[in-house]
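Subject: Structure handover

Hello,

Please find the structure below. My notes on what was found in it follow.

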Amino acid sequence: MFFRNRPLLLKLILPLLLLSNVGDSHAASKQKSKALSMAPPFKSELAWLNVARPLSLKDLRGKVVILDFWTYGCINCIHVNAELRQLEDKFGDKIAVIAVHSPKFDNEKNIETLRNIVVRYDRRHPVISDPEREMMHGYGVRAWPTLVVLNPLGQVLGVAEGEGHVDVLDAVIKEQLVKHAKLIDASPLP
């Protein structure tokens with residue numbers, strides 16, 4: 001799978017790994033030694049909401065990026081939106097949350113319905129409509145909600161499935177802001 005060999009994967013899904021990989025310290029040390037890879041580019045033909053124009057990974061350089069793969073019929077995805085709002089309020093424009101709406105059902109593919117849902121759920125960050133789940137598959141995402149974290153260089157740090165990761169994400173963001181302090185871009189997205 002795409003995310004199996006990410007150095008900070010252990011930090012992002014530590015609670016899950018503690019349950020499944022207790023005592024596997026050799027695998028953990030091997031995991032940390034692997035290099036980070038660049039995130040796959042965004043598909044230019046996908047529709048964007050809440051931004052003046054579609055964004056690229058280049059536009060996001062200098063920010064810690066959280067890609068939130070969600071579908072609007074998922075209650076856990078709604079809960080994650082509230083968690084992400086906490087991080088956005090705390091870190092401001094030093095982070096960028098990008099919601100990637102990857103519908104589970106055909107009726108969720110309608111862009112006008114998605115636009116109404118974005119307003120209803122007060123999603124203020126950029127939203128990508130991924131109706132055929134191209135980005136979801138490109139990032140190796142298998143479930144809703146899934147958060148993919150990128151460092152300010154556009155490299156994939158790791159993935160967290162489900163909800164309840166706000167404390168771990170907070171710690172990872174702080175670490176990245178210190179580690180890449182000279183690169184941080186606190187200007188707002190278009």
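Strands S2 (residues 64–70) and S3 (residues 95–101) run parallel and are paired over seven bridges. This is a predicted model, in which local features need pLDDT of at least 70 and side-chain atom pairs count only at pLDDT 80 or more, while totals for chains, interfaces and linings use all residues. Residues are numbered from 1 along each chain as its sequence is written, and side-chain values use heavy atoms, with hydrogens and water left out. Helices (H or I, at least four residues) and strands (E, at least two) are DSSP runs numbered from the N terminus; two strands pair if DSSP finds at least two bridges between them.

S2 and its neighbours

Within the S2 and S3 pairing, Asp-68 faces Ala-99 of S3. From S2 the chain passes through helix H4 (residues 75–91) to reach S3, a β-α-β crossover that is right-handed. Right-handed here means that, with the strands pointing away from the viewer, the path from the first strand over the helix to the second runs clockwise. Trp-70 also has a bridge partner in S3, namely His-101.

S2 is also joined to strand S5 (residues 146–150), by five bridges, and these two run antiparallel. In that pairing Val-65 stands opposite Leu-150 of S5.

How covered is S2? Seven of its seven residues are buried, where buried means under 20% relative accessible area, exposed over 50%, and partly exposed in between (1.4 Å probe, protein chains only). In a regular strand, side chains alternate between the two faces of the sheet. In S2, Val-64, Ile-66, Asp-68 and Trp-70 point one way, and Val-65, Leu-67 and Phe-69 point the other way.

The sheet and its helices

The sheet is open and has six strands in the order S1-S4-S3-S2-S5-S6, with mixed pairing. Its edge strands, S1 (47–49) and S6 (156–161), each pair on one side only. From one strand to the next the twist averages 20°; axes are lines fitted to C-alpha atoms, for helices over the stretch in contact, and angles run from 0 to 180 degrees between N-to-C directions.

Helix H5 (residues 111–120) packs on the sheet and touches S1, S2, S3 and S4 (127–129), with its direction at about 20° to that of S1. Contact means heavy atoms within 4.5 Å. Helix H7 (residues 166–179) lies across S2, S3, S5 and S6 and runs at about 150° to S2.

The protein as a whole

There are seven helices and six strands. Read from the N terminus, the elements follow the order α-α-α-β-β-α-β-α-β-α-β-β-α. The protein has 190 residues, of which 47% count as buried. Among contacts between residues at least 6 apart in sequence, 79% join residues at least 24 apart. The exposed area is about 9400 Å², with 55% of it supplied by carbon and sulfur atoms; areas come from the Shrake-Rupley method with a 1.4 Å probe, and for residues only the protein chains shown count as cover.

Three residues

Asn-151 sits in the loop between S5 and S6. Why does Asn-151 count as buried? The reason is its relative accessibility of 2%, set against the cut-off for buried of under 20%. Leaving aside residues up to four places away in sequence, Asn-151 touches Leu-36, Lys-63, Leu-157, Gln-176 and His-180. A polar atom of its side chain lies 2.9 Å from the backbone nitrogen of Leu-153. The Asn-151 side chain also makes a polar contact with the side chain of Gln-155 (2.8 Å). A polar contact is a pair of N or O atoms within 3.5 Å; within protein, one must be able to donate a hydrogen and the other to accept it, and residues adjacent in sequence count only if both atoms are side-chain atoms.

Asn-81 is in helix H4 and is buried, at 7% relative accessible area. A polar atom of the Asn-81 side chain lies 3.1 Å from the backbone oxygen of Tyr-121. Not counting residues up to four places away in sequence, Asn-81 touches Tyr-121, Arg-123 and His-125.

Asp-93 lies in the loop between H4 and S3 and, at 35% relative accessibility, counts as partly exposed. With residues up to four places away in sequence left out, Asp-93 touches Lys-63, Asp-185, Ala-186, Ser-187 and Pro-188. The C-alpha atoms of Asp-93 and Leu-189 are 7.7 Å apart, with these positions 96 residues apart along the chain.

Regards
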